[in-house]
Amino acid sequence: MLSQGYPRRLRLLSPEDFRHVFEHADLKVHGKGMMALARWNTLGHPRLGLVVSKKNVKLAVQRNRFKRLVRESIRLRQHQLPAVDIVVLARRGVDDLDNETLHRQLHGMWKRLQCEAQRDA
């Protein structure tokens with residue numbers, strides 16, 4: 001049975017990891033109110049980093065909700081995603097989306113990321 005946890009190995013932790021993705025993004029996927037940049041890694045599994053600024057999402061409650069939903073989405077799809085480092089950026093208006101819409105947007109983004117990764121590989 002495959003593990004469905006969200007351990008530290010699935011996270012981008014250091015500023016160098018984030019910088020590496022920002023400077024050398026291989027894949028870019030847009031969703032309503034968000035964007036994901038991805039860079040191939042050699043670890044054999046995806047890793048996630050989140051960037052949610054106060055400028056784009058004013059309330060801490062909304063920032064935390066967005067981060068929680070993105071982490072949950074990755075946790076559930078970690079075995080279908082390619083081995084990439086992903087940075088998800090929140091944009092203005094993402095706090096206006098309800099949970100169901102956010103789930104749909106994220107699901108669509110992960111599917112497009114898989115397609116682009118297969119095409120790129």
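Which residues are buried in H2? In this predicted model, the buried residues of H2 are Arg63, Arg65, Phe66, Leu69, Val70, Ser73 and Ile74. They cover an arc of only 165° around the axis, and therefore lie on the same side of the helix. The face of H2 that is turned away from this buried side carries Val61 and Arg68, both of which are exposed. The length of the helix can be checked as well: H2 comprises the 18 residues 60-77, which at 1.5 Å a residue should span 26 Å, and because its end C-alpha atoms are 26 Å apart, the model agrees with that expectation.

The buried residues of H2 pack against three strands and a helix, namely S2 (34-40), S3 (47-51), S4 (84-90) and H3 (99-120). With respect to the strands, H2 lies across S2, S3 and S4, and runs at about 165° to S3.

The sheet itself is open and consists of 4 strands in the order S1-S2-S4-S3, with mixed pairing. S1 and S3 stand at its edges and have a single partner strand each, so one side of each is left without a neighbour in the sheet. From one strand to the next, the twist averages 20°.

Going through the sheet from the S1 edge, one finds S1 and S2 running antiparallel and joined by 5 bridges. Among the pairs between these strands, Leu27 has Ala38 of S2 as its bridge partner, while His30 is partnered by Met35, also in S2. The hairpin made by S1 and S2 has 2 residues between the strands, and Gly33 takes a positive phi near 80° there. Beyond S2 comes S4, which runs antiparallel to S2 and is joined to it by 7 bridges; here Ala36 stands opposite Val88 in S4.

The two strands of the hairpin can also be described by how they are covered. In a regular strand, side chains alternate between the two faces of the sheet. S1 has a covered face made up of Leu27, Val29 and Gly31, whereas Lys28 and His30 form its uncovered face. S2, for its part, is mostly covered, with 5 of its 7 residues buried.

A further helix, H1 (residues 15-23), also packs against strands of the sheet, its buried residues meeting S2, S3 and S4. Those buried residues are Asp17, Phe18 and Val21, and because they cover an arc of only 95° around the axis, they are placed on the same side of H1. On the other side of H1, Pro15 and Glu23 are exposed.

How many residues does the largest nonpolar core have? It has 27 residues, and those with the most contacts inside it are Phe66, Ile86, Val88, Val94, Trp110 and Leu113. Several elements contribute to this core, with S1 (27-31), S2, H2, S4 and H3 each supplying at least two residues, and the largest share, 6 residues, coming from H3. A second core, separate from this one, has 7 residues and includes Phe18, Val21, Met35 and Val87. Phe18 and Val21 are also among the buried residues of H1, and Met35 is the bridge partner of His30.

Val94 offers a local view of the larger core. Once its neighbours within four places in sequence are left aside, Val94 is in contact with Gly33, Met34, Val57, Arg65, Phe66 and Leu102. Of these contacts, Gly33 is the hairpin residue with the positive phi, and Arg65 and Phe66 are among the buried residues of H2.

Finally, His107 lies in helix H3. At 35% relative accessibility, His107 counts as partly exposed, because that value falls between the limits of 20% for buried and 50% for exposed residues. His107 and Gly5 are 102 residues apart along the chain, and their C-alpha atoms are separated by 18 Å.

How values were computed: Residues are numbered from 1 along each chain as its sequence is written. This is a predicted model: local features need pLDDT of at least 70, side-chain atom pairs count only at pLDDT 80 or more; totals for chains, interfaces and linings use all residues. Side-chain values use heavy atoms; hydrogens and water are left out. The expected span of a helix is 1.5 Å times one less than its number of residues. Buried means under 20% relative accessible area, exposed over 50%, partly exposed in between (1.4 Å probe, protein chains only). The arc is that of the directions from the helix axis to the C-beta atoms. Contact means heavy atoms within 4.5 Å. A nonpolar core is a set of buried Ala, Val, Leu, Ile, Met, Phe, Trp, Tyr and Cys residues joined through side-chain atoms within 4.5 Å. Two strands pair if DSSP finds at least two bridges between them. Axes are lines fitted to C-alpha atoms, for helices over the stretch in contact, and angles run from 0 to 180 degrees between N-to-C directions.
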